[in-house]
Amino acid sequence: MQDTMQDRAQDTLQETQDRAHDTMQKPMEQTKNALEQVENIPSNIYYGGVIGSIVLSALLMMMGKRNLSLFVGLWPPTILNLALFSKQLRPSREISSMETHSI
């Protein structure tokens, strides 16, 4: 009787651990995929986004849409932070591509 209760408890514990592992695995894979996509964006895209949002913000201000202009004007620091984040993920990627082009 004691052994069967311990076996059931062990089985229940193992099932719970397996479910927890499966539950955590999916978000981790999604995060990994998202980071891989961020790594593949060239830094020129970020800089273009920064310049474009500054220009758009200025145009919106000239059109009299002050609140929208301020909202769009807050985008450049966020975009630059994303660019820095992507460089921290793979700093050597751009260096190796520059070396390949100079050879």
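**Exercise 1. Identify the backbone atom that lies 2.9 Å from a polar side-chain atom of Ser53, and describe the setting of Ser53.**

*Solution.* In this predicted model, the partner is the backbone oxygen of Val50, which lies 2.9 Å from a polar atom of the Ser53 side chain. The next step is to place the residue: Ser53 belongs to helix 2, which covers residues 43–62. Its relative accessible area is 2%. Since buried means under 20%, Ser53 counts as buried. The last step is to list its contacts. With neighbours within four places in sequence left aside, Ser53 is in contact with Val72, Trp75, Pro76 and Ile79. Of these, Pro76 and Ile79 are also buried residues of helix 4.

**Exercise 2. Determine which residues of helix 2 are buried, and where they lie around the axis.**

*Solution.* Begin with the length of the helix. Helix 2 has 20 residues and reaches 29 Å from its first C-alpha to its last, close to the 28 Å expected at 1.5 Å a residue. Its buried residues are Ser43, Tyr46, Val50, Ser53, Ser57 and Leu60. These residues lie on the same side of helix 2, because they cover an arc of only 115° around the axis. The face turned away from that buried side carries Asn44, Ile45, Ile51 and Met62, which are exposed. Just after the helix, Gly64 takes a positive phi of about 90°.

**Exercise 3. Carry out the corresponding analysis for helix 4, residues 75–89.**

*Solution.* Helix 4 has 15 residues, and its span from first to last C-alpha is 21 Å, close to the expected 21 Å. Pro76, Ile79, Ala83 and Ser86 are buried in this helix. Their arc around the axis is only 85°, so they are on the same side of helix 4. On the other side, Leu84 and Gln88 are exposed.

**Exercise 4. State where Leu74 is found, and how far its C-alpha is from that of Ser53.**

*Solution.* Leu74 is in the loop between helix 3 (66–73) and helix 4. With 59% relative accessibility, Leu74 counts as exposed, whereas Ser53 is buried. Leu74 and Ser53 are 21 residues apart in sequence, and their C-alpha atoms are 8.6 Å apart in space.

**Exercise 5. Describe the surroundings of Ser69, including its polar partner.**

*Solution.* First, Ser69 is located in helix 3. Second, its relative accessible area of 1% makes Ser69 buried. Third, a polar atom of the Ser69 side chain lies 2.7 Å from the backbone oxygen of Ser57. Finally, when residues up to four places away in sequence are not counted, Ser69 touches Ser57, Leu60 and Met61. Among these, Ser57 and Leu60 are buried residues of helix 2.

**Exercise 6. Summarise the protein chain as a whole, and identify where confidence is lowest and highest.**

*Solution.* The chain contains 5 helices and 0 strands, in the order α-α-α-α-α along the sequence. Of its 103 residues, 13% are buried. The chain exposes about 8600 Å², of which carbon and sulfur atoms supply 62%. Among contacts with a separation of 6 or more, 59% join residues 24 or more positions apart. The mean pLDDT is 80, and 81% of residues reach 70 or more. Confidence is lowest in helix 5 (residues 91–102), with a mean of 61, and highest in helix 3, with 94. Where pLDDT is low, predicted coordinates should not be read in detail.

Terms used:
Residues numbered from 1 in each chain as written. Heavy atoms only, no water. Helix = DSSP H or I, 4+ residues; strand = E, 2+ residues; numbered from the N terminus. Expected span 1.5 Å × (residues − 1). Buried < 20%, exposed > 50% of the residue type's maximum accessible area, 1.4 Å probe, protein only. Arc of directions from axis to C-beta. Polar contact = N/O pair within 3.5 Å; in protein donor to acceptor, adjacent residues only side chain to side chain. Contact = heavy atoms within 4.5 Å. Areas by Shrake-Rupley, 256 points an atom, 1.4 Å probe, with all protein chains shown as cover. pLDDT = per-residue confidence, 0-100.
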